[in-house]
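This briefing is intended for a reader who is meeting this structure for the first time. Please look over the sequence and the model below before turning to the points that follow.

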Amino acid sequence: MARAYTTSFLAHRLWQQALNWIFPSNDEPCAVCSRPIPPHMAQKRAGERGAMQRLCAFCQQNLALVPVRAQLTTLRAGKRRIRVASALVYDHFVRTLIRAFKYDGVVEIAPFFVSALCATRPARLQADIVVPVPTAPDRLRMRGYDHVLLVARAFATAEGLPCALGLARLGTSGHTRSQTAKDRDRRLSELAGQFVSIRPDAVRGRRVLLVDDVMTTGATLATCAAALYEAGAGAVDAAVIARVE
């Protein structure tokens, strides 16, 4: 089974935990907004697990108020169409959460995103297997973990489905601009040939559910779906944490 964390990321987390134990600070910063968490609050939450332990009272309250606004969208993937279920609107706070999860190592937020995804998938999207949209190798090395794989595996477990790394991304990400600043045709052109099937046996003839973090133009999902269809998938749909409106 592929690892969602690199050795260097795990070593860094252990080192940080050791330093925090040896040199405890008075105020631990919130993992999302960096506001200081008062010592009495940090001590009160010492036994908690997951994201809540690392969030200030303001972010905890905001997290509890994030509405799941499920939406089903249809995208063109070559000559086929795929349905995409999205859980959240990519507003300012959700963007902050996803950036903390994706770039800042706040992996404890993953269960919140998994629960949001589960709320988007009643009986509308039937699937036999979950496949995460692969992270570019350079981004994986830089971050130390595959954030989409973390969510996809937990989501598959919650839904009683197998999860397989059915796709690989070739080369580097090559992203120097925000994806929201690019139109769909340009994104499709940039992504051409970047995703290839590495487990055709796992997807052949099966209903595949792609999982990704954010849908902007839908070009990444369309390109991945096309690669899965080429590998023999019977049907492809997708579920994403958030959508840009």
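The notes below describe the overall make-up of the model and then turn to selected residues and elements.

The structure is a predicted model. The protein contains 10 helices and nine strands, and 45% of its 245 residues are buried. Of the contacts between residues at least 6 apart in sequence, 74% join residues that are at least 24 apart.

**Salt bridges**

- Five salt bridges are found when the whole structure is searched.
- One of them pairs K102 with D213, whose closest N and O atoms lie 3.2 Å apart. This pair links distant parts of the chain, since K102 belongs to helix α4 and D213 to strand β8 (residues 207-215), 111 residues apart.
- Both partners of that bridge are buried: K102 has a relative accessible area of 18%, and D213 has a relative accessibility of 7%.
- Another salt bridge joins R199 to D201, with the closest N and O atoms 3.4 Å apart. Here R199 is partly exposed, at a relative accessible area of 34%, while D201 is exposed, at 51%.
- A further salt bridge is formed by R243 and E245, the closest N and O atoms being 2.9 Å apart. R243 is buried, with a relative accessible area of 5%, whereas E245 is exposed, with a relative accessible area of 67%.

**A buried arginine without a salt bridge**

- R143 lies in helix α6, which spans residues 137-143.
- Although R143 is buried, it takes part in no salt bridge. The nearest side chain of opposite charge is that of D213, 6.3 Å away; a salt bridge would require a separation within 4 Å.
- D213 is also the salt-bridge partner of K102, and K102 is itself among the residues that R143 touches.
- Leaving aside residues up to four places away in sequence, R143 touches F9, K102, Y103 and T135.

**Cysteines**

- The count of disulfides is zero. C33 is in no disulfide, and the nearest cysteine sulfur, that of C56, is 3.6 Å away. The cut-off for a disulfide is a pair of cysteine sulfur atoms within 2.5 Å, so the separation of C33 and C56 does not meet it.
- C33 is partly exposed, with a relative accessible area of 31%. C224, by contrast, is buried, at 0% relative accessibility.
- C30 sits in the loop between β1 (28-29) and β2 (36-37), and C30 is buried, at 3% relative accessibility.
- Not counting residues up to four places away in sequence, C30 touches R35, I37, R54, L55, C56 and C59.
- C30 and F58 are 28 residues apart in sequence, and their C-alpha atoms are 9.5 Å apart in space.

**Helix α3**

- Helix α3 covers residues 57-65, and its buried residues are C59, Q60 and L63. These residues lie on the same side of α3, because they cover an arc of only 105° around the axis.
- In an α-helix, residues three or four places apart point the same way, because there are 3.6 residues a turn.
- The face of α3 turned away from the buried side carries the exposed residues F58, Q61, A64 and L65.
- The buried residues of α3 pack against two other helices, α4 (92-103) and α5 (110-120).
- C59, one of the buried residues of α3, is also among the contacts of C30.

**The β3–β4 hairpin**

- Strand β3 (residues 71-77) and strand β4 (residues 80-89) run antiparallel and are joined by seven bridges.
- A77 has R80 as its bridge partner in β4.
- The two strands form a hairpin with two residues between them. G78, in the turn, has a positive phi of about 70°.

Notes. Residues are numbered from 1 along each chain as its sequence is written. This is a predicted model: local features need pLDDT of at least 70, side-chain atom pairs count only at pLDDT 80 or more; totals for chains, interfaces and linings use all residues. Side-chain values use heavy atoms; hydrogens and water are left out. Helices (H or I, at least four residues) and strands (E, at least two) are DSSP runs, numbered from the N terminus. Buried means under 20% relative accessible area, exposed over 50%, partly exposed in between (1.4 Å probe, protein chains only). Lys and Arg count as positive and Asp and Glu as negative; His and the chain ends are not counted. Contact means heavy atoms within 4.5 Å. Two strands pair if DSSP finds at least two bridges between them. The arc is that of the directions from the helix axis to the C-beta atoms.
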